[in-house]
Amino acid sequence: MTESFISTKDRIISTAIEIISDSGLSSLTTKTISQKANLSEPLLYRFYGDVNELLVDVAQYFFRFDKGIRKTIQSKQGTCLEKVKAYVEDYAIYFENYSSLSVLMLQYEELLHIPATRDIMVAGAEGRRVFVTNLFQDALDAGEIRDDLRSEELADLVHGYMHAACLKRRFGIHKGSFRMDMCMFIEKLCEIIAK
C-alpha cells in the first residue's frame with residue numbers, strides 16, 4: 001500500500017511538472033492533472049487539497065537533489081575552479097535528463113507570488129547562489145582567479161547563463177545538448193578569470 005501511495009504521489013508531481021512545462025503554470029488545474037495522469041479527481045484530492053498544496057511538493061522536488069550535489073562537490077579533490085565546473089556539469093546533467101524540471105527556473109517569478117511556494121523558492125535559489133558564490137570566493141582566496149570580479153558577480157553569471165540556456169531551448173533557438181552548452185560556457189568563463 002505504501003509503495004502505491006508513493007508512486008501515485010510521484011506520478012502526480014511529475015504530471016504537474018510536465019503540464020507546467022508544456023502549457024505554463026496557469027494551466028495547472030486538478031482537471032488537467034487528473035486527465036494527464038489518468039487519475040480521478042477524487043483520488044487526486046486524497047493527496048492534495050488544492051493545486052497550491054501540489055505546487056509546494058513541485059517546488060520541493062525542484063530542489064530535492066541540491067544537498068546531495070553540494071555534498072558530492074565539497075568532497076571532491078581538486079581546485080576550487082574544478083569544483084565550480086563540477087557544479088555546473090552536475091546541474092546541466094540533471095536538467096538535461098529532466099528537461100521539464102528545468103522549466104521551473106523560468107517560473108520563479110510566478111512561484112514567488114504564491115504564498116505556499118514563496119519561501120521554498122527563495123531558500124532554494126538562494127542556497128544555490130550562496131554555494132556557487134562560496135566556491136568562487138574560495139577560488140579567489142586560493143589565488144586561482146583574478147580579483148576584478150567579485151564572487152557574487154561570478155555566481156550571478158553562472159546562474160544567469162543557466163537561465164538563458166533554458167530560455168533558448170524553450171524558444172527553440174538552441175536544440176543542442178544543455179550539458180555541452182553549459183560545460184563550454186564554464187570552461188570559457190574559467191579561462192577568462194583564471195590567473
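Colleague: Let's start with Y91: is Y91 buried or exposed?
Modeller: Keep in mind that this is a predicted model. The relative accessible area of Y91 is 1%. Buried means under 20%, so Y91 counts as buried.

Colleague: And what about Y87, is that one buried or exposed?
Modeller: Same kind of check here. Y87 has a relative accessibility of 1%, and the cut-off for buried is under 20%. That is why Y87 counts as buried.

Colleague: About how many helical turns separate Y87 and Y91?
Modeller: Both residues are in helix α6, and they are four residues apart. Because of that spacing, the separation of Y87 and Y91 is about one helical turn.

Colleague: OK, zooming out, how many helices and how many strands does the protein chain have?
Modeller: Reading along the sequence, you get the pattern α-α-α-α-α-α-α-α-α-α-α. The tally for the protein chain is eleven helices and zero strands.

Colleague: What percentage of the protein chain counts as buried?
Modeller: The C-alpha atoms fill a box of roughly 60 × 35 × 30 Å, taken along the principal axes. The chain has 195 residues, and the share of them that counts as buried is 44%.

Colleague: Back to the rings. What kind of pair do F65 and Y94 make?
Modeller: The count of aromatic pairs comes to eleven, and F65 with Y94 is one of them. Their ring centres are 5.4 Å apart and their planes sit at 85 degrees. Planes over 60 degrees apart get their own label, so this pair is edge-to-face.

Colleague: How many residues apart are F65 and Y94?
Modeller: F65 is in the loop between α4 and α5 (66-75), while Y94 is in helix α6 (residues 80-97). The pair links distant parts of the chain, and the separation is 29 residues.

Colleague: Which label does F65 get for accessibility?
Modeller: Its pair partner Y94 is buried, with a relative accessible area of 13%. F65 has 37% relative accessibility. Buried means under 20% and exposed over 50%, so F65 counts as partly exposed.

Colleague: Which label fits the aromatic pair of Y87 and Y91?
Modeller: Their rings are 4.7 Å centre to centre, with 55 degrees between the planes. Under 30 degrees would be stacked and over 60 edge-to-face, so the Y87 and Y91 pair is tilted.

Colleague: Which residues form one aromatic cluster?
Modeller: You've already met some of them. The full membership of this one cluster is F62, F63, F65, Y87, Y91, Y94, F95, Y108 and F131.

Colleague: Which residue has its charged end over the ring of F62?
Modeller: F62 belongs to that aromatic cluster. The charged end over its ring sits 4.5 Å from the ring centre, and it comes from R128.

Colleague: Now for empty space. Which elements give two or more residues to the lining of the largest cavity?
Modeller: The whole structure has one cavity of 30 Å³ or more, with about 40 Å³ of space in it. Its lining is made of T30, I33, L44, Y45, Y48, D50, V51 and L54. The elements that supply two or more of the lining residues are α2 (30-37), α3 (41-47) and α4 (51-62).

Colleague: How do the residues of that cavity lining divide by type?
Modeller: D50 is one of the lining residues, and Asp counts as charged. The whole lining divides into six nonpolar, one polar and one charged.

Colleague: What about the largest pocket, how do its lining residues divide?
Modeller: The largest pocket has a volume of about 210 Å³. Among its lining residues are S21, F95, E96, R169 and F178, and α6, α7 (99-102) and α10 (151-171) each supply at least two. By type, the lining divides into four nonpolar, five polar and three charged.

Colleague: Last topic: how many disulfides does the count come to?
Modeller: Take C190, whose sulfur is 11 Å from the closest cysteine sulfur, in C183. A disulfide needs the sulfur atoms within 2.5 Å, so C190 is too far from C183 for a bond. Overall, the disulfide count comes to zero.

Colleague: Is C183 buried or exposed?
Modeller: C190 counts as buried at 4% relative accessibility. C183 has a relative accessible area of 19%. Since the cut-off is under 20%, C183 is buried.

Key: Residues numbered from 1 in each chain as written. Predicted model: local features only at pLDDT ≥ 70, side-chain atom pairs only at ≥ 80, totals over all residues. Heavy atoms only, no water. 1 Å grid on protein atoms, 1.4 Å probe; cavity = no way out; pocket = protein on both sides within 12 Å on 5 of 7 lines; lining within 4 Å. Points joined across faces, edges and corners; volume = space filled by probe spheres on them. Phe/Tyr/Trp six-rings, centres within 6.5 Å; stacked < 30°, edge-to-face > 60°. Buried < 20%, exposed > 50% of the residue type's maximum accessible area, 1.4 Å probe, protein only. Lys NZ or Arg CZ within 6 Å of the ring centre and 35° of its normal.
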